[in-house]
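Me: I'd like a close look at a single part of this structure: the strand in the middle of the story, with its partners and its surroundings. Could you walk me through it in one go?

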Amino acid sequence: MKGAASPRLPAATGPVAGSPVVASPVVASPVVASTVVLSTVVAAGTALGAYRALRRYPHAAVFVAEAEDGRVIGRLSISRDQHPASRHVADLGLMVDAEYRRRGIGRALLDAAVEWAREAEVRKLELHVFPWNEAAIALYEDFGFIREGHRKNHYYRGEEYVDAILMAYELPA
Ligand SMILES: CC(C)(COP(=O)(O)OP(=O)(O)OC[C@H]1O[C@@H](n2cnc3c(N)ncnc32)[C@H](O)[C@@H]1OP(=O)(O)O)[C@@H](O)C(=O)NCCC(=O)NCCS
């Protein structure tokens with residue numbers, strides 16, 4: 001479905017095993033604090049093992065937004081580029097449950113990503129977005145991302161090759 005999915009969500013690759021983690025809220029944006037808690041990790045079905053492991057992996061993170069009943073209704077994953085010359089760059093993927101959009105959750109998850117990036121000494125966030133995904137582009141541009149490129153036929157999707165826009169956000173010094 002056009003506009004409904006991220007071109008790519010970074011996979012939870014490479015983490016070392018860690019001990020079980022208790023969800024600890026790290027961000028509570030005033031915009032969403034009444035209905036949503038953002039946690040570094042937590043309980044989400046089959047992904048739980050990967051999320052726990054990521055907690056101890058310094059090069060990637062997953063932030064989730066939970067509704068009051070604990071249901072995960074937003075997710076942002078971020079992972080650092082492993083090349084020594086570009087380890088200051090991290091790639092992210094983001095999605096928010098359709099029922100909870102336009103409540104500031106996407107923005108709050110991006111805020112959490114920026115906070116993580118600062119601590120991880122990442123200076124630049126990047127992502128790919130489909131050109132027709134107006135909601136996502138509006139959010140990213142409003143947040144401060146700029147368009148760095150237009151990638152032709154970059155993804156194979158629905159039996160056709162489709163373009164993607166490369167966007168980036170440089171952390172303020
Ligand atoms: C894109 C997405 C993550 C936005 O999440 P969200 O929680 O609704 O975003 P927010 O509520 O934080 O929006 C913040 C700002 O972004 C802009 N924005 C977000 N959705 C918008 C829309 N549908 N139309 C226009 N502007 C929009 C607005 O400026 C908004 O501020 P406002 O509500 O005060 O006007 C969500 O729509 C989504 O999950 N879409 C499907 C998956 C997807 O496309 N992911 C991104 C792939 S790259």
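What follows is a walk along one strand, β6, and then outward to its neighbours.

Reply: Happy to. One thing to keep in mind throughout is that this is a predicted model. The mean pLDDT of the chain is 77, and 68% of its residues reach 70 or more. The weak parts are easy to locate: pLDDT stays under 50 over residues 1-36, and again over residues 40-47. The model still has contacts there beyond four places in sequence, 81 for residues 1-36 and 21 for residues 40-47.

For orientation, the chain has three helices and eight strands. Read from the N terminus, their order is β-β-α-β-β-β-α-β-α-β-β. Of the 173 residues, 29% count as buried. Among contacts between residues at least 6 apart in sequence, 59% join residues at least 24 apart.

Now to β6 itself, which covers residues 124-129. In a regular strand the side chains alternate between the two faces of the sheet. Here is how that looks in β6: Leu125, Leu127 and Val129 point to one face and are buried. Lys124, Glu126 and His128 point to the other face and are not buried.

On one pairing, β6 meets β5 (89-96). The two strands run parallel and are joined by three bridges. Two residue pairs let you find this pairing on screen: Val89 stands opposite Lys124, and Asp91 stands opposite Glu126. To get from β5 to β6 the chain passes through α2, and this β-α-β crossover is right-handed.

The other pairing to look at is with β8, residues 160-170. Six bridges join β6 to β8, and these strands run antiparallel. Lys124 turns up again here, with Glu170 as its bridge partner in β8. Lys124 therefore has a partner in β5 as well as one in β8, if you take a bridge as DSSP's pairing of residues in two strands.Following the sheet from β5 away from β6 brings you to β4, residues 72-80. Seven bridges join β4 to β5, which run antiparallel, and Gly74 stands opposite Val96 in this pairing. How many of the nine residues of β4 are buried? Eight of them are, so the strand is largely enclosed by the rest of the structure. β4 also pairs with β3 (60-66). That pairing is antiparallel too, with seven bridges, and Ala61 has Ile78 as its bridge partner in β4. β3 and β4 form a hairpin with five residues between them. In its turn, Gly70 has a positive phi of about 90 degrees.

Back at β6, there is also the ligand to consider. It is surrounded by 22 residues, of which the closest are Arg101, Gly106, Ala135, Ala138 and Leu139. The elements that give two or more residues to this shell are β5, α2 (105-119), β6 and α3 (134-143). The strand we started from is thus on that list, as are its parallel partner β5 and the crossover helix α2. α3 gives the most to the shell, with six residues. By class, the shell has 12 nonpolar, four polar and six charged residues.

Two loop positions round off the tour. Gly144 lies in the loop between α3 and β7 (146-157). Gly144 counts as partly exposed because it has 14 C-beta neighbours inside 10 Å. Its C-alpha is 8.4 Å from that of Ala168, 24 residues away in sequence. Pro58 is found in the loop between α1 (48-55) and β3. With 12 C-beta neighbours inside 10 Å, Pro58 counts as exposed. The C-alpha atoms of Pro58 and Trp116 are separated by 9.7 Å, although the two are 58 residues apart along the chain.

How values were computed: Residues numbered from 1 in each chain as written. Predicted model: local features only at pLDDT ≥ 70, side-chain atom pairs only at ≥ 80, totals over all residues. pLDDT = per-residue confidence, 0-100. Contact = placed C-beta atoms within 7 Å. Near = placed C-beta within 6 Å. Helix = DSSP H or I, 4+ residues; strand = E, 2+ residues; numbered from the N terminus. Nonpolar A, V, L, I, M, F, W, Y, C, P; charged D, E, K, R; others polar. Buried ≥ 20, exposed ≤ 12 C-beta atoms within 10 Å, placed from the backbone. Right-handed = clockwise from strand over helix to strand, strands pointing away.
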